[in-house]
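Open the model in your viewer and keep the selection panel at hand. We will go stop by stop.

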Amino acid sequence: MTLRQKPTTKLQLKGKFALLFITGCGVGAFIISLFTANIGTTEKAFAAAPYETMDSGSYIINMGIVPQTYANGLKPYGMVYDLIKNYNTQVKWVIDTTKAKDAKDFTYNGVDYRGAPFIIPAQFITATVKTRITYWTGLGVTGLYTTSAVSVPVYATLTCIPRMTIDDLSNNVNIIGGYFTNASIPSSAYQQGPPDSLSTCHDLWVNPHGDPVWSTHSRLYNFATVDGSFIFSECHATSMMEGAKNPVSPFQQLNFLTTNGLKCYSNNKCLPGSNETHAGNPTSPKTCNYPGDPVMQFMGFLNLGGGSEEWYQPNSTGGWRSTTKRSVVTADGTSPNEGVQVVYGPAFGLANSGYAMYMGSHALDGNGSTAEKVAAQRVFFNYMLFATTIKSLKFTSVTVPPTFSSNDTRTVSVTVSSGNPTYSYQWTSTVSGGSFANANSATTTYTTPTTPVLIKGVLTCQVTDACGRKNFIQRPIVIDPSALPVNLLSFTAYADKMNKVKLSWITSSEKDNDYFTIERSSDGRNFTELKKIAGAGTTNEIKKYYLTDENPVKGTSYYLLRQTDYNGKSETFKTIAVSIKASSVNNISIYPNPFITFFTAEFNAVDDEVVQIQLIGLDGSLIHSDKFEAVMGRNAYRFMPEEPLKPGTYILRLSNGKEVFGAVKVNSRNN
């Protein structure tokens with residue numbers, strides 16, 4: 001018998017070989033977005049934001065109006081602060097992280113929304129929130145209520161504000177304070193103090209101007225690394241800070257974003273870590289990189305003129321760290337020593353540290369056109385919001401059932417990580433007559449009022465840590481008098497390659513659920529019990545159930561899912577059908593196995609059919625391919641290679657060119 005090599009590649013054969021053994025398995029694909037050091041491009045730095053659907057009646061704050069003014073570009077940050085801080089209202093921060101500079105984030109009713117719009121979801125807009133929206137639109141915020149659902153890329157759900165401290169050593173708090181005034185954010189949003197006043201309770205330290213030295217600013221070293229907190233620095237305070245070294249342990253230096261410090265802004269102003277000076281104004285053109293990053297959400301370009309240092313450049317003996325993102329780059333120098341006006345990244349390039357951000361000049365509200373001033377101040381506020389997405393109290397689990405019945409009691413709970421224990425809790429409900437067993441506990445029960453009609457509402461849990469950090473979660477609920485004890489999300493079934501039926505069903509909540517029953521029928525009318533599966537009792541978590549019917553009836557099998565409560569009451573769900581196709585070839589056997597010079601493959605064929613027989617190496621290589629005219633009944637195929645095969649294991653595969661009937665292992669040996 002002649003061996004024939006099929007004209008295909010080993011890679012292709014490996015792919016086909018893999019399908020024999022992976023069929024029926026789920027494969028999850030995860031995309032990880034890493035910081036990149038390829039500055040000068042517009043590479044995507046963040047994974048694509050997941051899309052969420054905003055219901056009709058949501059409010060869109062338009063952040064892309066041109067020209068930008070304090071009213072339409074900065075007041076929205078004040079509105080977001082107000083709604084979160086004073087009204088426990090979540091706000092969606094919408095960013096298409098794959099977009100080009102100033103490109104749209106999404107389109108609604110023919111209008112392209114740009115510049116990272118904010119959206120208040122409809123289910124959280126109460127009468128009080130509507131009043132606040134009207135107040136802010138009166139100050140110049142521009143937006144609209146949607147009249148239909150819209151799907152948008154949500155970068156983050158904003159529910160808290162970081163605890164900020166502005167450095168007061170240089171008596172320049174008013175510089176940053178001016179940005180807050182322009183956005184109509186009260187001065188109570190930040191504290192004032194020197195770096196040594198910072199504790200683990202602070203999230204963001206801001207230095208608008210000054211002369212940092214190690215003796216006064218050494219606390220920033222552990223603030224960024226040990227505490228994982230954020231730093232924002234402007235003007236020449238930045239190059240001074242980067243050059244500050246510990247005189248006792250010189251390896252400790254506040255060079256958060258460079259490998260060896262920055263060139264200092266003026267002669268005779270250098271600290272030990274800065275031994276060079278950069279002179280003059282930044283060179284044009286200036287390039288905006290990472291347009292999909294949250295901090296780069298502003299319209300147009302920046303004007304960072306004014307102040308003692310408008311741009312930064314690393315010492316020639318070092319460079320920017322590979323994790324440092326050069327966001328607004330000048331034409332001075334080349335990577336990794338190019339000049340920048342806006343730059344940020346993890347402190348010292350450490351994965352678990354906080355971030356540092358530098359911005360040239362300290363007169364962001366005093367130079368250039370109004371639009372350019374707005375753009376510069378938006379960078380600061382975006383960084384503030386970016387900090388809160390990382391430093392906020394994290395809810396690692398939330399249990400709130402989406403559906404209740406009338407006079408229904410269910411368990412609700414939250415679990416919080418990060419922050420400083422201990423935590424205090426406050427549960428509230430927008431449903432009149434609803435009540436919590438203990439509104440100040442992480443886990444409690446919620447009882448709905450007795451109602452003959454469907455009611456919609458929102459449950460909120462606000463958590464406060466020992467530092468006073470606050471965050472909250474909100475979950476919309478529906479009180480449906482006709483709600484069933486088990487909320488079934490799906491019930492599916494399919495036949496695998498071995499003609500076994502795989503059944504699965506998923507529930508989002510269960511109440512007093514004793515067990516499920518799967519029943520089977522060959523005609524869709526007369527059912528018999530196949531299996532009982534224990535239920536989860538009472539739970540608000542998603543539960544998944546699986547069952548395999550090893551011996552389904554030939555032809556079409558019908559399956560019915562039934563649920564039974566502890567009290568014996570039952571509920572019947574839909575019936576699904578699965579078609580079972582009798583395999584043309586089955587009952588494959590090999591002898592002798594292992595073999596030396598030949599082996600015989602026997603198999604049953606349901607009909608007369610041409611069967612393709614292939615011998616495949618474990619590396620995917622095709623050793624032999626032949627076509628065999630099988631007849632109904634038992635068949636025997638004898639394989640005798642012209643040259644002995646190497647000792648080892650091979651796969652014998654039988655198919656009709658489309659459907660694989662079976663694959664078995666064959667072993668060869670020398671003697």
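The tour starts with the whole chain and then moves through cores, ring pairs, strands and two buried polar residues.

**Stop 1: the whole chain**

Keep in mind that this is a predicted model. Colour by secondary structure. The chain carries eight helices and 37 strands. Now colour by burial. Of the 671 residues in the chain, 50% are buried. Contacts reach far along the sequence: among those with a separation of 6 or more, 68% link residues 24 or more positions apart.

**Stop 2: the nonpolar cores**

Select Met79, Phe118, Phe180, Phe232, Leu302, Phe381 and Tyr383. These residues have the most contacts inside the largest nonpolar core, which has 64 residues. Add helix α8, residues 370-391, to the selection. Helix α8 supplies the largest share of this core, 11 residues.

Centre on Leu302. What does Leu302 touch, leaving aside its neighbours within four places in sequence? Its contacts are Val328, Val342, Ala375, Ala376 and Val379. Ala375, Ala376 and Val379 fall within the residue range of helix α8.

Next, select Leu220, Phe223, Tyr312 and Phe348. They are among the 22 residues of another core, which lies apart from the largest one.

**Stop 3: aromatic pairs**

Show the rings. The whole structure holds 36 aromatic pairs. Two of them are worth a stop.

Pick Tyr59 and Tyr145. Their arrangement is edge-to-face, at 4.9 Å centre to centre with 70° between the planes. Tyr59 belongs to strand β2 (residues 59-61) and Tyr145 to strand β7 (residues 143-145), so the pair ties together parts that are 86 residues apart in sequence. Buried or exposed: which describes Tyr59? Tyr59 is buried, at a relative accessible area of 3%. Tyr145 is partly exposed, because its relative accessibility is 33%.

Now pick Tyr77 and Phe381. This pair is stacked, with 5.3 Å centre to centre and 25° between the planes. Tyr77 sits in helix α2 (residues 70-87) and Phe381 in helix α8, so parts 304 residues apart in sequence are tied together. Both Tyr77 and Phe381 are buried. Phe381 also appeared at the previous stop, as one of the residues with the most contacts inside the largest core.

**Stop 4: strand β3**

Select residues 91-94, which make up strand β3. Look at both faces. Val91 and Trp93 are on one side, Lys92 and Val94 on the other, and all are buried. Both faces of the strand are therefore covered.

Add strand β8, residues 150-158. β3 pairs with β8 in the antiparallel sense, over four bridges. Val91 is opposite Leu158 there. Then add strand β6, residues 118-120. β3 and β6 are also antiparallel, joined by two bridges. Which residue of β6 is the bridge partner of Lys92? The partner is Ile119.

**Stop 5: a three-strand sheet**

Show β31, β32 and β35. They form an open sheet in the order β31-β32-β35, with antiparallel pairing. β31 (585-591) and β35 (633-639) stand at the edges with a single partner strand each, so one side of each has no neighbour in the sheet. The twist averages 20° from one strand to the next.

Zoom in on β32, residues 599-605. Seven bridges join β32 to β35, and the two run antiparallel. For one of these positions, select Phe603: its bridge partner in β35 is Asn635.

**Stop 6: two buried polar residues**

Select Asn315. It lies in the loop between β13 (287-288) and β14 (325-329). Asn315 is buried, with a relative accessible area of 0%. Draw a distance from its side chain to Asn260. A polar atom of the Asn315 side chain lies 2.8 Å from the backbone oxygen of Asn260.

Finish at Ser521. This residue is found in strand β26, residues 501-521. Its relative accessible area is 3%, so Ser521 counts as buried. Where does its side chain reach? One distance, 2.8 Å, runs to the backbone nitrogen of Gly524. Another, 2.8 Å, runs from the Ser521 side chain to the backbone oxygen of Asn526. Leaving aside neighbours within four places in sequence, Ser521 is in contact with Asn526, Phe527, Thr556, Ser557 and Tyr558.

Key. Residues are numbered from 1 along each chain as its sequence is written. This is a predicted model: local features need pLDDT of at least 70, side-chain atom pairs count only at pLDDT 80 or more; totals for chains, interfaces and linings use all residues. Side-chain values use heavy atoms; hydrogens and water are left out. A nonpolar core is a set of buried Ala, Val, Leu, Ile, Met, Phe, Trp, Tyr and Cys residues joined through side-chain atoms within 4.5 Å. Buried means under 20% relative accessible area, exposed over 50%, partly exposed in between (1.4 Å probe, protein chains only). Contact means heavy atoms within 4.5 Å. A polar contact is a pair of N or O atoms within 3.5 Å; within protein, one must be able to donate a hydrogen and the other to accept it, and residues adjacent in sequence count only if both atoms are side-chain atoms. Two strands pair if DSSP finds at least two bridges between them. Axes are lines fitted to C-alpha atoms, for helices over the stretch in contact, and angles run from 0 to 180 degrees between N-to-C directions. Rings of Phe, Tyr and Trp (its six-membered ring) pair if their centres lie within 6.5 Å; planes under 30 degrees apart count as stacked, over 60 as edge-to-face and the rest as tilted.
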